Amino acid sequence: MNDQQEKAYTEISQQVSICFDKADRFFKGRFKRPSMNLKQRGKAAGTAYLEKNELRFNLYMYEQDPAKFLQTVVPHEVAHLIVHQIYSRQASAHGKEWRAVMEKVFDTPAERTHTFKVKPPKVSFHYACDCQTHIFSKQRHNRALKGTQYLCKLCKRNLEFVIAD
Ligand SMILES: [Zn+2]
Ligand SMILES: [Zn+2]
């Protein structure tokens with residue numbers, strides 16, 4: 001992890017602890033603490049893996065608005081784990097038990113969706129010679145645009161830009 005990821009990890013795990021402490025006080029018990037990572041990708045801001053007792057958070061979305069992420073996404077996912085530890089499979093994902101934990105324990109609106117932007121998929125740049133297609137990274141593509149010439153090792157021809165997708 002780089003410094004930025006390290007910082008995000010620390011902030012989010014502190015918020016997870018705060019949420020669990022609140023739940024412990026509210027229910028007068030001690031909930032089992034989960035493991036946590038920043039591996040969430042795609043459209044979800046986070047996922048609670050109930051059986052593994054694991055939380056995954058989306059770093060790309062955290063970075064858009066850390067304060068909002070800590071106030072909304074973290075309690076949302078922690079509430080799933082709390083409900084699971086109390087009710088096991090009997091409660092539905094965003095049902096009344098989950099809403100009650102959000103509102104009464106975390107004092108947070110029980111919102112099911114987030115408004116963070118989804119990370120755009122990586123674009124690859126296709127180049128061609130006489131014998132094959134070559135995939136360039138954005139950096140390499142930018143160097144080519146600035147005039148760097150790339151040769152195919154097999155046919156020795158200049159690579160020409162074809163399409164980005
Ligand atoms: Zn949810
Ligand atoms: Zn070639």
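Student: Let's start with strand β6: how many of its five residues are buried?

Tutor: Happy to help, and please keep in mind that this is a predicted model. Strand β6 covers residues 160-164 and is hardly covered. A residue needs 20 or more other C-beta atoms within 10 Å of its own to be buried. Among the five residues of β6, the count of buried ones is zero.

Student: Where does β6 stand in its sheet, at an edge or in the middle?

Tutor: The sheet is open and has three strands, in the order β5-β4-β6 with antiparallel pairing. Both β5 (133-136) and β6 pair on one side only. That places β6 at an edge.

Student: Which residue in β6 stands opposite H126?

Tutor: Good one to follow on the structure. Strand β4 (residues 125-128) runs antiparallel to β6, and four bridges join them. One of the facing pairs is A128 with E160. For H126, the residue opposite in β6 is I163.

Student: By what angle are neighbouring strands of the β5-β4-β6 sheet turned against each other on average?

Tutor: The order β5-β4-β6 makes β4 a neighbour of both β5 and β6. Ignoring direction, the average turn between neighbouring strands of this sheet is 35°.

Student: Now the sheet β1-β3-β2: why is one side of β1 and of β2 left without a neighbour?

Tutor: This open sheet has three strands and mixed pairing. Its neighbouring strands are turned by 15° against each other on average, direction ignored. β1 (35-37) and β2 (46-49) each have one side free because each stands at an edge with a single partner strand.

Student: What is the bridge partner of Y49 in β3?

Tutor: Strand β3 (residues 54-57) pairs with β2 over four bridges, in the antiparallel sense. In β3, the partner of Y49 is E54.

Student: Which helix lies across β2 and β3?

Tutor: The helix in question spans residues 66-87, and A79 has its place there. It runs at about 15° to β2. The helix lying across β2 and β3 is α3.

Student: And A79 itself, is that residue buried or exposed?

Tutor: Leaving aside neighbours within four places in sequence, A79 is in contact with W98, V101, M102 and F106. Its C-alpha atom is also 9.0 Å from that of V105, 26 residues apart along the chain. The cut-off for burial is 20 or more other C-beta atoms within 10 Å. Because A79 has 25 C-beta neighbours inside 10 Å, it counts as buried.

How values were computed. Residues are numbered from 1 along each chain as its sequence is written. Chains are lettered from A and ligands numbered from 1 in the order in which they are written. This is a predicted model: local features need pLDDT of at least 70, side-chain atom pairs count only at pLDDT 80 or more; totals for chains, interfaces and linings use all residues. A residue is buried if 20 or more other C-beta atoms lie within 10 Å of its own, exposed if 12 or fewer, and partly exposed in between; C-beta atoms are placed from the backbone. Helices (H or I, at least four residues) and strands (E, at least two) are DSSP runs, numbered from the N terminus. Two strands pair if DSSP finds at least two bridges between them. Axes are lines fitted to C-alpha atoms, for helices over the stretch in contact, and angles run from 0 to 180 degrees between N-to-C directions. Two residues are in contact if their C-beta atoms, placed from the backbone, lie within 7 Å.
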